[in-house]
Structures are given as C-alpha cells and as structure tokens.
Amino acid sequence: MTDLYLILAAFLLLNLLMALWRIARGPTPADRLLASLLFGTGGVAVLLLLAYAEGGQTLVDAALVFTLLAVITGAAFVRRVWGKEGNGHS
C-alpha cells in the first residue's frame, strides 16, 4: 500500500509541474488563479499521501498549514485582480 501512495504522490507532483506552467503562461488572471488553487490543493494532497506512506503526523500538520495558506492566497489574488475593477457593487 505504501508503494501506491508514493506512485500517487509522484503523479500529483507531475500535475503540480503542469500547474506551474499554467501559472507562468496563463492567458487570463482567472486561469492563473485556478492553477494556483490547484497548486495548493495538489501540494496538500502530496503531503497527505507522504504522511500516510511514512506514518508521520508532522506532514499532516504541514498540510493543514498549506491549506490555510492556499485559502488566503486565493482570497488575496481575487481581491488584487478583481478589486481594481470596482468595489464589487452591482
């Protein structure tokens, strides 16, 4: 079962490389936002898979911290990009 977790973690790392490419070359800010959120979610998934493969609690704690950082990053990105267009009132 440990080998399965490591194979899945490697597959998710490849997806994170694709997300980095989309962040760098995304044609619109929305593409970059979605790729950065995918990066956060994929990073958390990789950490959780490695934690279950090793049986350690430290990586689970790091995954929880990354989850909070991903939420804050997404909110800051939305506020920065779409906050310039107006104050949000219709």
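Colour the chain by burial to begin: buried residues, meaning those under 20% relative accessible area (exposed being over 50% and partly exposed in between, with a 1.4 Å probe and protein chains only), make up 22% of the 90 residues. What is on display is a predicted model, in which local features need pLDDT of at least 70, side-chain atom pairs count only at pLDDT 80 or more, and totals for chains, interfaces and linings use all residues. Residues are numbered from 1 along each chain as its sequence is written, and side-chain values use heavy atoms, with hydrogens and water left out.

Switch next to a cartoon of the whole chain, which has 3 helices and 0 strands; helices (H or I, at least four residues) and strands (E, at least two) are DSSP runs, numbered from the N terminus. Viewed as a C-alpha trace, the chain spans about 50 × 25 × 20 Å along its principal axes. The radius of gyration, taken over C-alpha atoms, is 16 Å, whereas a compact globule of 90 residues would have one near 12 Å, by a rule of 2.2 Å times the number of residues to the power 0.38.

Now select helix 2, residues 29–54. The 26 residues of helix 2 should span 38 Å at 1.5 Å a residue, and the end C-alpha atoms are 37 Å apart, which agrees; the expected span is 1.5 Å times one less than the number of residues. Show the side chains of the buried residues in helix 2, among them Leu33, Val44, Val46, Leu47 and Leu49, and then add helix 1 (2–25) and helix 3, which are included in what covers them.

Within helix 2, centre the view on Gly40, which counts as buried because its relative accessible area is 14%. From Gly40, draw a C-alpha to C-alpha distance to Thr73, which is 33 residues away in sequence and 9.1 Å away in space. Moving just past the end of helix 2, select Gly55, which takes a positive phi of about 80 degrees.

Continue to helix 3, residues 58–82, whose 25 residues reach 36 Å from first C-alpha to last, close to the 36 Å expected. The buried residues here are Val60, Ala63, Ala70, Gly74 and Val81, and helix 2 is part of what covers them.

Finish with the surface of the chain, which exposes about 6,500 Å², 69% of it supplied by carbon and sulfur atoms, with areas from the Shrake-Rupley method and a 1.4 Å probe.

Note on methods
Contact = heavy atoms within 4.5 Å.
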